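Thanks, everyone. Please have the sequence and the model open while I talk. I'll go element by element and stop where the backbone does something unusual.

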Amino acid sequence: MSEETTHFGFKTVRREEKAAKVADVFHSVAAKYDLMNDLMSAGIHRLWKRVTIEFAGARQGQTVLDIAGGTGDLTAKFSRLVGADGAVILADINASMLQVGRDKLTDNGLVGNIHYLQADAQYLPLPDHSVDLITIAFGLRNVTDKALALASMQRVLKPGGKLLVLEFSKPSNPLLAKVYDGYSFSLLPKLGQLIAGDADSYQYLAESIRMHPDQETLKAMMADAGFERCDYQNMTGGIVALHRGVKPA
Ligand SMILES: C[S@@+](CC[C@H](N)C(=O)[O-])C[C@H]1O[C@@H](n2cnc3c(N)ncnc32)[C@H](O)[C@@H]1O
């Protein structure tokens with residue numbers, strides 16, 4: 001891997017190509033994204049998100065930034081928690097995902113304290129020290145320069161503010177890892193083909209998960225970006241991990 005190249009799943013691509021390829025994936029799956037999430041994870045993604053909300057500890061009046069917020073599952077919960085005095089910014093680079101998210105939240109009556117922002121996690125168009133809490137769920141592995149994105153998050157957080165990264169990670173048990181590999185590489189693309197008419201995007205999903213930094217590596221990256229008290233919690237045997245860090249006060 002040279003300085004000009006990066007991963008797109010298992011493929012090596014030029015760095016400037018990756019964002020467009022990721023965009024194609026999410027434009028393609030947006031309409032079926034929620035259904036596929038439920039099917040692929042047998043609904044367990046809801047539990048992972050609930051744990052994230054509990055760790056977030058969002059309070060009335062706070063400003064929460066949900067990066068790579070997609071169809072808005074976390075944003076919906078934060079919207080209720082921060083109330084009319086607070087605000088939630090659902091930021092995503094992809095217009096199709098944002099549109100599905102906005103329609104879903106609006107249909108559920110969640111209006112008033114939610115702001116929609118089409119933005120790249122690497123270059124957040126927000127002022128320094130302006131948000132109390134940041135979440136990025138299943139988004140970081142799609143970002144070309146993760147260190148740049150973490151630095152951008154660090155910049156916009158208020159001192160003492162918290163970052164939560166929910167992401168696929170490395171299963172701790174080798175047997176679980178084997179079963180999970182079989183599931184991801186044979187069943188997942190077939191399910192993607194059947195439901196979303198798109199096997200390639202779900203092949204990318206499986207590959208991108210394997211290429212994402214493991215628990216300890218991501219924890220070190222967060223510390224390098226200036227977060228303190230960095231820590232993580234494995235869920236479902238490490239298939240998913242919730243990383244936490246705090247911007248120094
Ligand atoms: C797997 S979805 C996660 C959506 C939602 N957070 C959830 O947990 O259901 C990943 C999202 O990351 C977004 N994304 C990819 N690269 C991004 C970037 N550089 N900046 C912001 N969002 C990005 C995609 O558009 C997509 O909506």
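Which strand does Arg 229 lie in? Arg 229 lies in strand β8. A reminder before I go on: this is a predicted model. Arg 229 is not a glycine, and its phi is positive, at about 50°. That deserves a mention, because most residues other than glycine have a negative phi. Is Arg 229 buried or exposed? Arg 229 is exposed, because just 12 other C-beta atoms lie within 10 Å, and 12 or fewer is the cut-off.

Stay with β8. This strand spans residues 228-235 and pairs with β9 in the antiparallel sense. How many bridges hold β8 and β9 together? The pair has 6 bridges. One of the contacts to look at is Tyr 232, whose bridge partner in β9 is His 243.

The two strands form a hairpin, with 4 residues between them. Thr 236 in this hairpin has a positive phi near 50°.

Next, Ile 239. Ile 239 is in the loop between β8 and β9. Ile 239 counts as buried, because 20 C-beta neighbours lie inside 10 Å and the cut-off is 20 or more. What does Ile 239 touch, beyond residues up to four places away in sequence? The answer is Phe 168, Pro 171 and Tyr 180. For scale, take Ile 195. Ile 239 and Ile 195 are 44 residues apart along the chain, and their C-alpha atoms are separated by 23 Å.

Now β9 itself, residues 240-246. The strand is mostly covered, with 5 of its 7 residues buried. β9 also pairs with β7. Those two run antiparallel, and 7 bridges join them. Here Val 165 has His 243 as its bridge partner in β9. So His 243 is the β9 partner of Val 165 and of Tyr 232 in β8, because a bridge to each is found.

On to the core. The largest nonpolar core has 62 residues. Which of them touch the most other members? Val 64, Leu 65, Val 88, Ile 134, Ile 136 and Leu 166 do. Strand β7, residues 157-168, gives the most to this core, with 6 residues. Take Leu 65 as an example. Setting aside neighbours within four places in sequence, Leu 65 is in contact with Ile 89, Ala 91, Val 131, Ile 134 and Val 156.

Now the ligand. How many residues surround the ligand? There are 20, and the ones that come nearest are Ala 68, Gly 70, Asn 94, Ala 121 and Ala 137. By class, the shell has 10 nonpolar, 7 polar and 3 charged residues.

The record adds something here. An unreviewed UniProt entry carries a "binding site" annotation covering Thr 71, Asp 92, Asp 120 and Ala 121. Let me take two of those.

Asp 92 first. Asp 92 lies in strand β4, residues 87-92. Why does Asp 92 count as buried? Asp 92 has 27 C-beta neighbours inside 10 Å, so it counts as buried. Leaving aside neighbours within four places in sequence, Asp 92 is in contact with Ala 68, Gly 69, Gly 70, Met 97, Leu 98 and Gln 118. Ala 68 and Gly 70 are also among the residues nearest the ligand.

Then Ala 121. Ala 121 sits in the loop between β5 (114-118) and β6 (131-137). Ala 121 is buried too, with 25 C-beta neighbours inside 10 Å. The contacts of Ala 121 outside its four-place sequence window include Ile 67, Ala 68, Ile 136 and Ser 152.

Back to phi for a moment. Phe 138 is not a glycine, and its phi is positive, about 55°. Where is Phe 138? Phe 138 is in the loop between β6 and α6 (146-156). Phe 138 counts as buried, with 21 C-beta neighbours inside 10 Å.

Last stop, the N-terminal hairpin. β1, residues 5-8, and β2 pair antiparallel over 4 bridges. Thr 6 has Val 13 as its bridge partner in β2. The hairpin has 2 residues between the strands, and Gly 9 in the turn has a positive phi of about 60°.

Lys 11 lies in β2, residues 11-14. Lys 11 is partly exposed, with 14 other C-beta atoms within 10 Å. Lys 11 and Lys 190 are 179 residues apart in sequence and 20 Å apart in space, C-alpha to C-alpha.

That's my tour. Questions, please.

How values were computed: Residues are numbered from 1 along each chain as its sequence is written. This is a predicted model: local features need pLDDT of at least 70, side-chain atom pairs count only at pLDDT 80 or more; totals for chains, interfaces and linings use all residues. A residue is near a molecule or strand if its C-beta atom, placed from the backbone, lies within 6 Å of it. Ala, Val, Leu, Ile, Met, Phe, Trp, Tyr, Cys and Pro count as nonpolar, Asp, Glu, Lys and Arg as charged, and the others, Gly among them, as polar. A nonpolar core is a set of buried Ala, Val, Leu, Ile, Met, Phe, Trp, Tyr and Cys residues joined through C-beta atoms within 7 Å. Two residues are in contact if their C-beta atoms, placed from the backbone, lie within 7 Å. UniProt positions are given in the numbering used here, feature names are shortened, and annotations may be inferred rather than shown by experiment.
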